Amino acid sequence: MPVELLGKSAAELRALAASLGEPAYRGAQIYHALYAERRFELAAMSNLPVAFRARLAAEASVALPRIAKRFHSTDGSIRYLLALECIAPAAGERPTDIEAVYMPEEGRQTICISTQAGCPVNCHFCLTAQLGLVRNLTAGEIVGQVLVALEDNRAKLAPQTNVVLMGQGEPLLNYEPVMETVRLLLDPGGVGLSAKHVTLSTSGVVPGMDRLAQEKVRPKLAVSLNASSDEQRNAIMPINRKYPLGALLEACRRYPLRPWERLTFEYVLLAGFNDQPEDARRVAKLVANLRAKVNLIPWNPCELPYQAPAPERIEEFRRILTEKGVPAFVRYSRGQDIMAACGQLALLETPTPARVAQPS
Ligand code: SAH
Ligand code: SF4
């Protein structure tokens, strides 16, 4: 089996070069080629001596996720169906499929990546949950999604790249590979993104949040609140029985924010369930005294028994939070017409009209 290079740190690549009888700095050159220059053909790494290139090509591989399909939204975003062949499937077995979404905007692009194939958390309003957990992804498979999306759009990239770990999966339940990825993304000598531009979203895995708090290099943190009471959260997010609101908000309070940083709470608005004025007032109380903002995400329609909220409810919810001193923003997801919006990533080939129906 060739050794897989994608996902390896600079130190690991230096050790690999040394183990192949080369000076360690050759490993640093490979690191730069992979993550900073996005050059993936080992035989074409012209900064390496010819003999070493040949040896590498024989003994190592760079398994970028393969683009199996692109879905183009009318809003310019692209959903990628990616086939992962990094872990060679057994004979007759299909490679694992995952999804990533590329969203161009004025002056920047945002790439939404998956951290697991499927998700074990089982939030009732989320279509990804229907897949269950297929498997954890490796660091190479996670960072590979960013590289592949950047590469596929190389000619039209804006200066700034944002990455959100908000695709399939619960990032804090695949902790080490996720953190290895974050280090590659945030390393100025690697992919070179700013910590201000990388956001990890969690359904509220408290031990993972505490662990993240200890990291020297870490992304911004978003917490999927989604409910205004334990009773309500229990009904849509089974994880709340393990880490109820009290414990979750305690973890938020002890989370060490950097001077420039605010915590983000995400709140999916489900019509008639958690979108009432009293919910907004309870949310304001829950997050009081935290340096935080709330992103309101109107539920994206899919074949699950929920309804998108009415525009007046969304606006009133936002107004109440703002009046109570909690910065609140409405985040309309992009790519609804291609099943690329929050909570819609479930490997679906084509959206049915029912799935993309707008609220009346
Ligand atoms: N698993 C992580 C990150 C991925 S989900 C988490 O749950 O935080 C990203 C966001 O999409 C979460 O805030 C989640 O609550 C939200 N979401 C899930 N299904 C949705 C849907 N159908 N409509 C709108 N948002 C949804
Ligand atoms: Fe998993 Fe997040 Fe979907 Fe919940 S909302 S099932 S944690 S992907």
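In the predicted model, a backbone N or O atom of Asn300 lies 2.8 Å from a nitrogen atom of ligand 1, a polar contact being a pair of N or O atoms within 3.5 Å. Two serine side chains also approach this ligand: an N or O atom of Ser201 is 2.6 Å from an oxygen atom of ligand 1, and a polar side-chain atom of Ser224 lies 2.6 Å from an oxygen atom of ligand 1. The protein buries 96% of the 530 Å² that ligand 1 exposes when taken alone (Shrake-Rupley method, 1.4 Å probe). Around ligand 1 there are 19 residues, of which Gly169, Ser201, Ser224, Trp299 and Asn300 come nearest (a residue is near if one of its heavy atoms lies within 4 Å).

The shell of ligand 2 comprises Cys119, Val121, Asn122, Cys123, Cys126, Ala129, Gly169 and Ser203. These residues divide into 5 nonpolar, 3 polar and no charged, with Cys counted as nonpolar and Gly as polar.

The chain averages a pLDDT of 94, and 95% of the residues score at least 70 (pLDDT is the predictor's confidence in each residue, from 0 to 100). Over residues 352-360 the pLDDT is below 50, and this stretch has 15 contacts in the model beyond near neighbours in sequence (heavy atoms within 4.5 Å). Where pLDDT is low, the predicted coordinates should not be read in detail.

Residues are numbered from 1 along each chain as its sequence is written, and chains are lettered from A and ligands numbered from 1 in the order in which they are written. Local features need pLDDT of at least 70, side-chain atom pairs count only at pLDDT 80 or more, and totals for chains, interfaces and linings use all residues, while side-chain values use heavy atoms, with hydrogens and water left out.

Definitions and conventions
Polar contact = N/O pair within 3.5 Å; in protein donor to acceptor, adjacent residues only side chain to side chain.
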